[in-house]
Each structure stands twice: as structure tokens, then as C-alpha cells.
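Colleague: I would like to go through this model and hear the grounds for each label put on it.

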Amino acid sequence: MINHLPVLIIIVPLMGAILCPLISYYSPEWGKKTVIGALFASFVMSVMQLVNVAERGEPVHYWMGGWNPPYGIEFVIDGVNAVMIAMVAAIGAMTALFSSPFEEANPKHRFRSAGYYSILCFLAIGLLGMSSTGDAFNLYVFMEIVSLAGYGLIAIGEEKAPVAAFRYLLTGTIGACMYLMGVGFLYSATGTLNMADMAVRLQDVENMTVIIIAMACLVVGLGVKMALFPLHGWQPAAHSYAHHAADPMIAGIMIKIPAYAMFRFFFCIFDESLPMMGTVHKIVGVMAVCGILFGSLKALRYHKNNKILAYSSICQVGYIALGFAIGNFYGIAGAVLHIVSHAFMKTGLFYTSAALKYKYHIEYTDNMGQVYRKMPVTSLTLVTLALSMVGLPPFAGFFSKWYLALGAIQNGQYFYVAVLVASSLLGAIYFFRIFEKLFMGEETEMEDRYPAAEHGGKELPLRIMIPLLMAAAMIIALGLGNSLVVDFIEKTVLEVFLA
Amino acid sequence: MIDVFEIFLAEKGIYMLTFILMGLGIFGMIVCGNYMKKIICMNIMQVAIIFFFLTLGQKDGGTLPVLVHNLTSAEEYINPLPHALMLTAIVVSLGTTGVALALLMKIKEIYGTIEEEEITGKRWKK
């Protein structure tokens with residue numbers, strides 16, 4: 001069984017996603033439980049895989065159908081993506097649990113909940129596949145699974161959501177086509193699609209033009225998917241109008257895994273010694289810096305919770321790209337750590353935003369006055385996660401920024417350090433404005449849709465509380481144990497520079 | 001003269017035509033105000049990508065890549081991998097178009113129109 005873990009992590013939720021509509025025909029409640037169970041099983045297996053990779057100390061290779069690479073599709077699990085897979089599976093399972101009060105299994109509309117859970121599960125499958133695969137075209141297929149599931153989950157949200165989803169569909173398709181084009185150029189230059197094989201064969205390629213065009217296509221393609229600055233147009237509307245319960249997953253990890261794919265391409269496939277690599281780093285750096293400042297400034301303008309969080313995501317994706325632009329060990333370690341920590345932070349913040357909507361239908365910060373008296377646990381989580389976003393120790397957000405700053409100083413790029421500090425201060429402004437409303441704003445009369453008195457004194461259902469607290473706990477754990485994570489990914493990242 | 005043209009077409013021209021097609025697709029997606037037209041342009045762009053891959057696998061005098069007894073070297077048949085990849089890409093583009101049409105029906109239901117200008121209430125300044 002331990003040998004088949006890489007593929008079981010994907011197959012078990014895949015079975016869940018396909019069985020869910022069938023089971024829902026007879027019992028919607030059990031259809032929902034199938035998906036939640038499958039995602040939790042996947043999470044347990046991903047933790048087992050993480051332990052396995054740590055014990056072996058070398059990457060695990062899984063060959064589909066026994067076809068050895070470069071002919072067959074290969075799954076490669078090394079230090080970096082074992083962490084990513086565990087993160088995706090954890091957030092997937094938590095979000096499926098979190099969704100259940102929002103999408104109650106209703107025998108009258110049994111296929112509404114069945115469709116929702118099935119699509120949510122497909123989103124998780126696509127992200128898990130994107131992180132485990134070692135094949136460039138396979139990554140495209142999984143990326144499209146993620147996108148199609150994402151369009152669906154965004155479209156069933158608020159009233160304006162279908163237009164947001166439609167625009168994301170158009171932009172996302174251009175992104176996917178650009179990625180495919182980049183892969184096509186690499187395939188024409190190397191004749192292989194396996195990433196490890198491609199890295200070896202690219203060293204003999206003398207036609208630099210092909211590689212430059214491929215790189216440009218990949219930056220645009222993956223940049224659209226990760227909402228990097230000038231390509232972010234679809235992101236704010238899509239993230240703020242999406243289905244409330246699925247939003248944490250869409251905002252949290254759907255834009256992180258393309259960033260991880262970018263790391264794969266720019267550090268594992270392309271050789272660091274290529275002459276134009278410096279220029280590529282500079283271009284990505286400019287995009288990142290513009291994105292960081294733009295996202296932070298734009299977030300100041302809005303009073304809607306989800307809009308603020310969506311624009312802050314543009315800024316945070318900029319940090320990840322900044323890590324790639326710095327391009328030394330600390331830069332990459334900071335970027336990978338930021339992928340993980342920001343996934344939990346943004347997921348947690350969207351959980352709190354959805355919880356506020358669930359109980360009081362709060363969408364704007366102006367209505368949040370004195371909510372901390374009525375929802376102490378949610379408010380505490382919000383404060384923890386927001387402080388982590390701003391970058392205060394001992395939370396995880398501080399340490400990823402710390403590594404990024406270390407990398408920038410080591411390269412002598414002090415401008416990047418200044419940008420990091422400036423955007424943290426801007427982040428402090430927009431999050432402290434939320435705190436001000438939360439603790440000192442005027443109390444408004446609101447209808448309580450989950451009265452604590454009727455539910456044994458609980459402010460929210462346990463199915464909402466557990467994911468909320470888990471996200472906050474993960475942020476504190478990642479903050480305190482950041483050196484463990486960095487040690488874990490160190491070996492894989494160092495190999496990039498030794499190769 | 002014909003020969004020169006054919007050689008040019010085989011070496012670079014076919015790629016140029018493919019990229020013109022792709023550029024037309026993206027241009028249409030940006031310029032068209034009607035969402036249905038945007039979907040059609042999206043399909044044109046995807047077809048251009050499919051052409052691009054298929055031309056990679058093409059060669060002069062190649063035959064079908066099936067098991068035939070007198071085929072001995074890789075020179076004699078066409079590389080089947082790009083075709084296999086594009087089969088997947090066609091399926092993906094079918095799925096994307098399907099989702100896009102479903103979204104369009106939903107948009108029509110909510111707004112009663114599929115014209116961008118009427119939905120957003122903004123007009124391009126002429």
C-alpha cells in the first residue's frame with residue numbers, strides 16, 4: 001500500500017467525487033459524507049506520504065501502469081511537493097467539512113448538494129494532481145480540471161457570480177493555452193514531456209530563441225492562473241462573488257499551486273546557468289513588486305470583506321513571485337513557506353468571512369461593530385490570521401517574509417526589502433481598519449440566524465468552528481515550527497542549485 | 001517560384017499562419033462585445049494551439065503510426081504523440097466550451113442579455 005500512496009491520494013477522492021451524485025440519488029446526506037470521508041482519507045494518506053518521504057530522504061517515483069519514464073506518466077514526490085500535497089488535502093478536507101452547514105443536504109434538491117460536493121472534490125483532485133505530477137502535459141490536464149471545477153464553484157455564488165466566472169473562463173483559457181504553447185515549444189526542442197528528462201535534454205539545446213519563447217509563454221500562462229500583477233484582472237471579482245463556503249479553497253489554494261508549478265519550471269527544469277535567466281528573474285521581480293504595491297493600495301479602497309481579502313491575495317502572490325525573482329536559497333525557501341502559510345491564512349480569513357455571513361449576513365466591514373462580543377472565537381481567529389498576514393511574530397506570515405528579506409539582503413537587492421516593509425505597513429492599515437470596526441465600531445441591529453441560546457451556547461455549528469480553529473492552529477504551528485518546514489524542503493531546494 | 005513558396009510554407013509559413021490564427025482569436029476575445037462571439041473566438045484560439053502541435057508531428061512522406069510489418073525506422077511514420085496530446089486538448093476545449101455555454105445561459109437568465117455593454121452598463125468611448 002505504501003508504494004501506491006502517490007496515486008491513491010488522487011484516486012480515493014476521484015472515486016468519492018464520481019460516487020457522490022450516484023449515492024445522492026438515494027440519500028443526499030450519505031453522498032455528502034462520501035466526499036468528506038474521501039477527502040479525509042486522502043489527507044491521512046498524504047500525511048503518511050509526508051512521513052514516508054521524510055524517512056526515505058529521497059524522492060518517491062511512481063510510474064503509471066508500470067511504464068517507465070520518459071515514456072509513461074510519472075508522479076514524483078519530493079520534499080517540496082509532499083508538503084504541498086498535505087496542505088491541499090488538509091484544506092480540501094477542512095473546506096468540505098466547513099461547507100456542510102452552507103449546503104445542507106436537501107432531499108428536494110438532492111442534485112444541488114451532490115453537484116456542489118462533487119465539484120469541490122474535483123477541485124481538490126486537480127490541485128493534488130498538479131502538485132504530484134512529474135509530466136508537463138499531465139500538469140496541463142490537471143490544471144484544466146482545477147479551472148473547470150473553479151468556474152463551476154464561482155458561478156454558483158452570489159448574483160453577479162456568473163459574469164465573474166465567465167470572465168475568469170475566458171482569461172483562464174488564454175492562460176491555459178499559453179501554458180500549452182510553452183510546453184509545445186519545449187517539446188519541439190527536447191522531444192520529451194517528462195520534467196526530469198526535459199531538464200537533462202535542455203542542456204544540449206543550442207537554439208536559445210525557442211527556450212526564451214517557451215519561458216515567456218509559461219510566465220504568461222502560469223501568471224494568469226496565479227493572478228500575478230498585470231494578469232490578475234479576473235481575480236477580485238471571482239474571489240469575492242464565489243460560493244461562500246467554497247471561497248476559502250478557491251482563494252486559498254487555487255492560485256498557489258500554479259505558483260508551485262512556476263517553481264518547478266523555473267528552478268527544476270530550466271538551468272540556472274542559462275544566460276537569460278537573470279532577465280527572467282528581473283521581469284518576474286518587476287511584476288511581483290508592482291503586484292505587491294498595487295494589491296495593498298487597492299485593498300485600502302474597499303469596505304467589503306471579500307474584496308479586501310481578494311486584493312490582499314494579489315499582494316501575497318506578489319511575495320511568492322518575489323521569492324522566485326530573488327532566486328537564491330532563502331528566496332525560494334521563503335516563497336515555498338509563503339505558499340503554505342498564505343494558503344492557511346487566506347483560507348482561514350475566508351472561513352471567518354463566510355462565518356460572519358452565515359450568522360449575521362455581514363458582508364461589509366461597517367456592519368462588524370462589536371461583533372467580538374457575540375462571536376468571540378471567530379473574532380479571535382480573525383485577529384490571529386490578520387496579524388499573521390501583516391507579518392507579526394510568532395505567526396507564520398512573519399517567518400516567510402523574514403526568509404524573503406534574508407534572501408534579498410544576501411543578493412544585495414535592498415529595494416525588495418523596502419517593498420516588503422512598505423507593503424507590510426499597508427497591510428497593517430487595511431487589517432487594523434477591520435479591527436477598529438470589529439472592536440470599536442457602533443453596534444448595528446442584525447438578525448441572528450444561529451442563536452447561541454438555542455444551540456447550547458455555541459456561537460456557530462461545530463462543523464464551522466473546527467476548520468476555523470484548525471486554520472488558526474496551523475498558522476501558529478507553522479510559525480513556531482517554521483525551521484522544521486524549511487529543513488524539510490532544504491534538501492530538495494539545495495539540489496536545484498547543485499544540479 | 002512554386003517550390004520556394006512551398007518550402008517557405010513548410011518551414012516557417014505554417015507556424016506563422018497558426019500564430020495569425022491565434023492572434024485573431026485573442027483579438028476577437030478582447031474586442032467583441034457579445035459573449036457568444038467571445039466563446040467562438042476562444043474556440044478559434046484553441047484550434048490554433050491544436051494546429052501548432054499537429055504541425056510539430058508532421059513530416060514529408062510519413063505514414064500512419066500503426067504496426068505495419070515493413071515499417072522499420074522512426075523516419076517512416078509520423079510522431080503520434082502530438083496527436084494523442086491534442087486528442088486530450090480537444091476534450092478539454094469541449095469541456096470548457098460546455099461550461100461557457102452553461103454560464104452564458106445563466107447570464108441570459110439573470111440579465112436578459114449577453115451583450116457586455118448592457119451587463120456592465122459601461123460603454124467604450126468612441
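Colleague: How far apart do the C-alpha centres of domain 1 of chain A and domain 2 of chain A lie?

Modeller: This is a predicted model. In it, the two C-alpha centres lie 21 Å apart. Domain 1 covers 1-134 and domain 2 covers 135-498; these bounds come from an automatic or database domain assignment.

Colleague: What makes the two domains of chain A count as touching, and how many residues does the contact take from each?

Modeller: Residues are in contact if their C-beta atoms, placed from the backbone, lie within 7 Å. The contact takes 36 residues from domain 1 of chain A and 45 residues from domain 2 of chain A. On the domain 1 side, α3 (79-99) and α4 (110-132) of chain A are the elements that give two or more residues, and α3(A) gives the most, with 13 residues.

Colleague: Which classes of residue make up the side of domain 1 of chain A that touches domain 2 of chain A?

Modeller: That side has 23 nonpolar, 10 polar and 3 charged residues.

Colleague: Why is the largest nonpolar core said to lie between domain 1 and domain 2 of chain A?

Modeller: Because both domains give residues to this core, it lies between them. The core has 215 residues, and A:Leu39, A:Val88 and B:Ile49 are among those with the most contacts inside it. Helix α6 (residues 161-190) of chain A gives the most to the core, with 20 residues.

Colleague: Which residues does B:Ile49 touch?

Modeller: Leaving out residues up to four places away in sequence, B:Ile49 touches A:Cys177, A:Leu180 and A:Met181 in chain A, and B:Met22 and B:Ala89 in chain B.

Colleague: How many residues does the contact between chain B and chain A take from each, and what gives the most on the chain B side?

Modeller: It takes 25 residues from chain B and 22 residues from chain A. Helices α1 (2-31), α2 (35-57) and α3 (81-111) of chain B each supply at least two residues of the chain B side, where α3(B) gives the most, with 13 residues. By class, that side has 19 nonpolar, 4 polar and 2 charged residues.

Colleague: How do you know what radius of gyration a compact globule of 126 residues would have, and what does chain B have?

Modeller: The rule is 2.2 Å times the number of residues to the power 0.38. For 126 residues a compact globule would be near 14 Å, but chain B has 20 Å, so chain B does not match the rule's value. Its C-alpha trace spans about 65 × 40 × 15 Å along its principal axes.

Terms used: Residues are numbered from 1 along each chain as its sequence is written. Chains are lettered from A and ligands numbered from 1 in the order in which they are written. This is a predicted model: local features need pLDDT of at least 70, side-chain atom pairs count only at pLDDT 80 or more; totals for chains, interfaces and linings use all residues. Helices (H or I, at least four residues) and strands (E, at least two) are DSSP runs, numbered from the N terminus. Ala, Val, Leu, Ile, Met, Phe, Trp, Tyr, Cys and Pro count as nonpolar, Asp, Glu, Lys and Arg as charged, and the others, Gly among them, as polar. A nonpolar core is a set of buried Ala, Val, Leu, Ile, Met, Phe, Trp, Tyr and Cys residues joined through C-beta atoms within 7 Å. A residue is buried if 20 or more other C-beta atoms lie within 10 Å of its own, exposed if 12 or fewer, and partly exposed in between; C-beta atoms are placed from the backbone.
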